[in-house]
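Please look through the sequence and the structure below before reading on. The text after them goes through a set of side-chain contacts and one small sheet.

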Amino acid sequence: MKKLFLAVALLVTSFMVAQVRLEGVVRDSIGNPLELANVIAINQSTQKLDSYGITGEDGKYRISLKKNTVYTVQASYVGMKTSQAEITTQETNVGKDFVLYYDNALDEVELVYEMPVTVKGDTITYNADSFNKGTERELGDVLENLPGVEINDDGQIEVEGKVVSKLMVEGKDFFDGDTKLAVENIPSNAVDKVEVLKNYSEISQLSGVTDNQDNIAINIKLKEGKKNFWFGNITTGGGASNHDGLYLFQPKLFYYSPTYSINTIVDLNNIGEVAFSRRDYFNFTGGFRAPSRSSGTNIDLGTNNLGFLTMQNNRAKDIETKFGAANFSWSPNKELDLSGFVIFSKNKTEMQENSQVTYTDSDLGIPDESTESNTLQRSDLGMLKLSAVYKPNANNQLDYDVLARISKESQEQGFFSSVNGNIGELESSSPYSINHNLNYYYTLNDSNIFALEVQHLLQDEDPFYNAIIEDKEDYEGTANNLGLEGAQVNYNLAQDKRLQSNQMDAKLDYWNVLNNKSDINVTLGTILSTQQFNSEIFQFLDDDTKYDPTPTINDGLDTNDIKYNFSDLYLGLHYRLKSGIFTFTPGVSAHAYSTKNIQYGTTTTDNFFRLLPDFNMRVQLKQSEQIIFDYSMETEFTDVSNFAKGLVLNSYSSLFSGSPDLESALSHNFNLSYFSFNMFNYTNVRASLNYNKSIDNIRTMSTFEPGSVVRVSTPFNSSFADESASANTRVQRTFGKIRASLGGNLSYSKFNQFVQDERSISESFSQSYNAELRTNFKTAPNIELGYKYSVQDNNLGDSSTKYFTKSPSVEIDALILKSFTLKSDYSYNNYSDEDRTINTYEFLNASLSYKKNEDSKFEYEIKATNLFNTKSQNNTNTSTVSVSATEYYIQPLYVSFRLRYEL
């Protein structure tokens, strides 16, 4: 590893030594410096672009050139004549200033190379070919070459440190703007231009009265040969592992014309390449955003999703994926746009974990626990959306969307606990939901704008849980509490649940534009929600009959039949004022809340009124430099399951009974953030501070069985405030062909927990730091060096744990002899506590592909994952009462051969 880092350092040093610097100033004819002018250098012998730069606010530029080379250097600016000069470099740095003249006629100097970057207002346009190296295959590879653009660990696109909210292709939404599907599936050879749209507003009528400065969209412009023709690729392949045969089939086909578009993606494989995970499914909003998202009300409808174990970085012991998706858009006329998509995902995943669990306050008699689990998960996930946008003129727009979800999931788990012995668990569920969205936007005149947004959600969830406890002796206390029949071979415990939710969220906005520096926004809104919750605990006897036990705890209640109603009627007022570099937006909303739950013939109500202030201040230091401060007060409401008095079986070791008298919580939220992006030297800086204080928060009182990890929990409103704070920063700077990044994240939380009728304070402090050095050569091999260091420090009462993870990594990306592409990534991980190294593990993946030339239709590839055949990796998880250090088993060495055909 040390030798590799040394070799990379020598390579970078030798390249830097072989460079000289060309710098100067670009001005207009009266001597004013021109910011964001383009300067490019074309090598006279190769007629290729060797370097480019963009001027800063003082008109200065700086580019790196090869020594002893003749260049044609061009300076250009929108609306001005292009100027050029011939520069011959020697052994020392060179200086050259340019003067540009305004002219509406065609430039006298012919541009021999397309500008890599152009800036027009809030739009930055990157010419993809100016940054491509020949090793790109998907859109994500193209985007990572662009200055200021990154792909984060979740597959999302970030521009200048801000997450991109929407991605389009030729102005049409790609699967409702989902960036991850686009990053991983759009072929790189179809991309001509990447347009970054800052201050993006989906509703043009609201662009002047809503704060869009954090909204960024990307529009992909296709190459001419890709329009009005089908394009894409088909990849097929197979291989072998040490225990199974491998297969892969991935057709990705696209069609774009001025009036309609079609995108289809299919992915069938058993090599661990997850096209659309369960997490992606539940995070995929389909473009829906709650109208009340900024009202100050935060209502949690809860989730009864299965407690699936989560894959670690798309790694598991075995993964089989079937995925299909289609997206269309159609514009029958200029006034109407129709679009929609359908997504289906079928995954089968095997997982194996070993954990060491440390519980709070060892003097309370709660033993630490060692666990082993083997899990088989199956999930069939489906999603369908249809949308219509009708815009008869510039003053009227009507939107309608419907999104339907349906899924069928199951998880079978063989579980061993050092405390409770062997347990077999089964979970299954077949939920569905339907979401409707209706929006109407009307502009009366330049001073009066109206917007109506209405959203309705219908959701039905039916999770089933079954646990078979083989070691009856260690479960005897809980079995007696539940009233189980003891004269059985084992305890076969089960539960049916049903949760139905019906919610409408609507608001009417009115903006009065006073002048070009201020406006007033009045909002009238409501949230109406109804939830019905039913549950029943029962026991399967040895003769397969069903037995309904009567608990000796919780007043004998182990069933639930509860209806919960919630309503919020609110009126909001916001005033926005621009003064110099400052924009102030103070606001307040008045809420009339009402909650009611009905169970066992008893009705519990809570009606109250509350004012919720909020404040936003934005300081625009420069065009791409700003400071933002946000404060908001929120009222937080829980879902129906926390009110249900009957026992609920969250798992064999976790029983829960709700409280009908729960009240809302109040939280204070502060955020201070800084963003800066300098296109002169491509320096990207972002930093943020966050603080949250929650009052009357809902906490649980947990009572553990003596000498056991089985607990019964009950929620209540805590009189002790909980707090959390975080700070993160990232600095990125480009030095010629080298890009360096430094980042860090600190997170602290303090909350009050209540165990065995005793209060204790749990504190968690996590730190993570990372450094990265990446080359950006056009033809030479590119290498990325990284190092990550993290600390997880937890104090649960008188119990404390501290874990460290150190992870250096290296990635190589090289085009060899213009036909071979080599890609490889390696990481080494050291996982330890304060006393010893718990585990070390390393991963090496590599691929080598052959494509005769860039116009060839066929590409052949051999790809190997986990070349060291690493068996497992480690992580740390924290809950309110425990910390677990987990060893997670992963897929073995896989080798596959692939054939890719380009349409």
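What follows describes the salt bridges, a sheet, the aromatic pairs and the nonpolar cores of this model, which is predicted.

We begin with charged side chains. A search of the whole structure finds 35 salt bridges. One of them joins aspartate 50 to lysine 66, with 4.0 Å between the closest N and O atoms. Aspartate 50 belongs to strand β3 (residues 48-54) and lysine 66 to strand β4 (residues 60-66), so that distant parts of the chain, 16 residues apart, are linked by this pair. Is aspartate 50 buried or exposed? Aspartate 50 is buried, because its relative accessible area is 18% and the limit for a buried residue is under 20%. Lysine 66, at 41%, is partly exposed.

A second salt bridge is formed by glutamate 202 and lysine 166, whose closest N and O atoms are 3.4 Å apart. Glutamate 202 is found in the loop between β16 (191-197) and β17 (217-222), while lysine 166 is in strand β14 (residues 166-169), so the bridge ties together parts that are 36 residues apart in sequence. Here the glutamate is the partly exposed partner, with a relative accessible area of 47%. Lysine 166 counts as buried, at 6% relative accessibility.

A third salt bridge connects aspartate 280 with lysine 180, and the closest N and O atoms are 3.1 Å apart. Which parts of the chain does this pair tie together? Aspartate 280 lies in helix α4 (residues 278-283) and lysine 180 in helix α3 (residues 179-185), so the parts joined are 100 residues apart in sequence. Aspartate 280 is buried, with a relative accessible area of 14%. Lysine 180 counts as buried too, because its relative accessibility is 19% and buried means under 20%. Elsewhere, Glu150, Glu158, Arg686 and Arg730 are joined into one network by salt bridges that share partners.

The next topic is a sheet. Three strands, in the order β11-β12-β13, make up an open sheet with antiparallel pairing. The edges are taken by β11 (149-151) and β13 (162-163); each has a single partner strand, so one side of each is left without a neighbour in the sheet. Strand β12 (residues 157-159) is joined to β13 by 2 bridges, and the two run antiparallel. Which residue stands opposite lysine 162 in β13? It is valine 159.

Aromatic rings come next. The whole structure contains 36 aromatic pairs. Among them is the pair of tyrosine 61 and phenylalanine 98, which is tilted, with 6.3 Å from centre to centre and 50 degrees between the planes. Tyrosine 61 is in strand β4 and phenylalanine 98 in strand β8 (residues 98-100); the two are 37 residues apart, and the pair links distant parts of the chain. Both tyrosine 61 and phenylalanine 98 are buried.

Tyrosine 475 and tyrosine 491 form another pair. Their ring centres are 6.3 Å apart and their planes stand at 50 degrees, so this pair is tilted. Tyrosine 475 lies in the loop between β29 (464-469) and α5 (476-482), and tyrosine 491 in strand β30 (residues 491-515), so the pair ties together parts that are 16 residues apart in sequence. Tyrosine 475 is buried, with a relative accessible area of 0%, and tyrosine 491 counts as buried at 1%. Ring pairs also link Phe174, Phe175, Phe231, Phe254, Tyr256 and Phe341 into a cluster.

Some rings also have a charge placed over them. Over the ring of phenylalanine 98 sits the charged end of lysine 96, 5.7 Å from the ring centre. Likewise, the charged end of lysine 546 sits over the ring of phenylalanine 538, 4.2 Å from its centre.

Nonpolar side chains are the last topic. How many residues does the largest nonpolar core have? The largest nonpolar core has 56 residues, and those with the most contacts inside it are Val117, Leu167, Phe174 and Ile343. Leaving aside residues up to four places away in sequence, valine 117 touches Asn38, Tyr52, Ile54, Ile124, Thr125, Tyr126, Phe131, Met679 and Tyr682. Another core lies apart from the largest one; this other core has 20 residues, including Ile299, Leu499, Phe533 and Leu662.

Definitions and conventions: Residues numbered from 1 in each chain as written. Predicted model: local features only at pLDDT ≥ 70, side-chain atom pairs only at ≥ 80, totals over all residues. Heavy atoms only, no water. Helix = DSSP H or I, 4+ residues; strand = E, 2+ residues; numbered from the N terminus. Buried < 20%, exposed > 50% of the residue type's maximum accessible area, 1.4 Å probe, protein only. Pairing = 2+ DSSP bridges. Phe/Tyr/Trp six-rings, centres within 6.5 Å; stacked < 30°, edge-to-face > 60°. Lys NZ or Arg CZ within 6 Å of the ring centre and 35° of its normal. Core = buried A, V, L, I, M, F, W, Y, C linked by side-chain atoms within 4.5 Å. Contact = heavy atoms within 4.5 Å.
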